[in-house]
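Trainee: I would like to learn how to read the packing of helices in a model, and after that how to read a pocket. Could we take them in that order?

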Amino acid sequence: MRISRRTLAAAAVALVLPLSACGSGGDSGGSTDASGKVEGDITFQTWNLRANFKPYFEGLIADFEKKYPGTHVKWIDQPAEGYADKISADAAGGTLPDVVNVSPDLVAPLVKAGLALDLDKAAAIYKSEYLDGAWASHQVPGMHGTYAFPWYLNTGPLFYNKSLFKKAGIDPGTPPRTYDDLFADALRMARKSGGKVATLANVPTIEDFGRYGVELMNKEGTGFAFNDAKGVELLTKYKELYDAKALDPQALTATPESSGKKFLTEAVAMNPGSALDLGNFKKQAPNLYKNIGITDQITSTGHVNMYVMGVMVNSRTKHTPAAVAFAHFVTDARNQMSFAKKVAIFPSTAGSLDDPYFTKEDGTDETRVRIAAAKSLKNAVNYTPVLFSEQMKTALRNEVAKTLQGKESPKAALDNAVKACDQLLQQQG
């Protein structure tokens with residue numbers, strides 16, 4: 001499986017794990033002391049990676065066992081389908097592996113059940129090896145601690161059609177960078193094209209509220225807050241775009257595939273994407289390809305969104321030193337760099353993104369996109385709250401749709417979305 005920005009986003013689905021042991025957190029049942037001798041048998045579980053990366057992981061494990069004689073790592077790989085359910089069943093049955101590949105939303109219920117080791121206590125010496133935003137991504141609001149080593153990252157640059165920008169009298173050399181720029185350019189594009197060209201094909205998601213600078217949750221992690229004045233302001237702007245046809249009329253039902261097609265046919269001027277898309281444009285839409293611009297995601301905070309995967313240590317492992325050492329080994333700079341050269345992902349380790357692989361142009365499209373994404377990842381953050389489930393995403397989307405259709409005011413819609421999400425949040429606990 002090639003891990004593109006989109007795949008990683010899809011992989012990080014926020015499923016609520018129905019854990020039977022909904023405890024109050026903490027590291028019950030195992031030792032938080034990782035300073036002892038690194039020895040013993042441990043299990044390591046990955047998420048749909050064996051098919052394409054078997055030699056990489058077998059080599060990684062062999063290197064670790066050679067470095068620490070007396071250790072043995074058993075590798076388990078689970079399919080993408082039903083991964084959250086499998087973790088939930090193992091957690092409830094006491095069979096959770098020692099070291100587990102997780103995304104932030106999957107780690108949250110394990111933390112609440114007391115099954116995730118707090119790395120701020122057990123592995124604080126390694127913190128400085130990682131990008132700040134990546135280390136913070138597996139922290140859970142209302143709980144003290146960091147509960148997984150950050151592993152691979154992804155983000156997507158934004159593609160834009162220079163020719164459409166030119167036709168609208170907008171300088172293609174200075175694409176929009178903030179939401180204010182975007183809204184001004186989008187309204188102009190719609191006006192100049194008589195409503196035929198939209199700038200965007202998607203309704204705002206929780207990430208957009210984050211990138212706009214909206215406070216998404218309260219500090220305690222007990223409730224959502226995106227219905228504040230800033231949140232209402234963002235949704236009001238999107239309603240304005242929708243009414244002016246600056247937001248595609250089919251945005252309410254858009255999928256990444258349908259948005260991509262709109263961009264391909266030059267009905268939409270901007271769209272997120274990956275290096276894979278560039279190859280596609282080259283084949284299917286040479287005219288578009290000739291006019292492609294690449295820029296950062298739109299943000300009013302100066303920080304783009306990152307998707308992140310992590311490696312968690314089971315707090316009930318019988319071999320804490322070995323489990324922590326292995327989780328760190330998988331995610332250290334050397335091994336992350338090696339993995340990044342096999343698949344379109346980015347290391348979460350500090351300094352790695354300065355490697356020539358992420359900074360030096362070689363004339364290829366893939367490198368061009370990789371360099372743009374790597375640059376923006378250095379200070380990126382994971383805006384999607386770790387407690388924001390798939391059901392919550394649907395609740396927000398439904399309320400946004402009501403506003404765009406003129407059925408509810410932006411304030412009423414966001415109040416209703418926050419109320420629905422808060423109710424779902426209480427059910428998680």
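Mentor: A crossing is called left-handed if the near helix is turned anticlockwise from the far one by less than a right angle, and right-handed if it is turned clockwise. In this structure, which is a predicted model, the crossing of H2 and H14 is right-handed.

Trainee: At what angle do H2 and H14 pack, and how far apart are their axes?

Mentor: Angles over 145 degrees count as roughly antiparallel, and those that fall outside the parallel, antiparallel and perpendicular ranges count as oblique. Helix H2 (residues 50-67) and helix H14 (residues 320-330) pack at about 130°, with axes 11 Å apart, and the two are therefore oblique to each other. On the H2 side the contact involves Leu 60, Ile 61, Asp 63, Phe 64 and Lys 67, which meet Ala 322, Ala 325, Phe 326, Phe 329 and Val 330 of H14; these residues divide into eight nonpolar, no polar and two charged.

Trainee: How is H2 oriented relative to H15?

Mentor: The axes of H2 and helix H15 (residues 333-340) cross at roughly 165° and come within 11 Å, so H2 and H15 are roughly antiparallel. From H2 the contact uses Phe 53, Tyr 56, Phe 57, Leu 60 and Asp 63, and from H15 Arg 334, Asn 335, Ser 338 and Phe 339, a set of five nonpolar, two polar and two charged residues.

Trainee: Which residues lie closest to the centre of the second largest pocket?

Mentor: That pocket holds about 740 Å³ of space, and of its 24 lining residues the closest to the centre are Pro 141, Glu 215, Asn 382, Tyr 383 and Pro 385. The lining divides into eleven nonpolar, ten polar and three charged residues.

Technical notes. Residues are numbered from 1 along each chain as its sequence is written. This is a predicted model: local features need pLDDT of at least 70, side-chain atom pairs count only at pLDDT 80 or more; totals for chains, interfaces and linings use all residues. Side-chain values use heavy atoms; hydrogens and water are left out. On a 1 Å grid over the protein atoms alone, a cavity is a set of points where a 1.4 Å probe fits but cannot get out, and a pocket is an open set with protein on both sides within 12 Å along at least five of seven lines; lining residues have an atom within 4 Å of a point. Grid points are joined across faces, edges and corners, and a volume is the space filled by probe spheres set on the points. Ala, Val, Leu, Ile, Met, Phe, Trp, Tyr, Cys and Pro count as nonpolar, Asp, Glu, Lys and Arg as charged, and the others, Gly among them, as polar. Axes are lines fitted to C-alpha atoms, for helices over the stretch in contact, and angles run from 0 to 180 degrees between N-to-C directions. Helices (H or I, at least four residues) and strands (E, at least two) are DSSP runs, numbered from the N terminus. Angles under 35 degrees count as roughly parallel, over 145 as roughly antiparallel, 65 to 115 as roughly perpendicular and the rest as oblique. Contact means heavy atoms within 4.5 Å.
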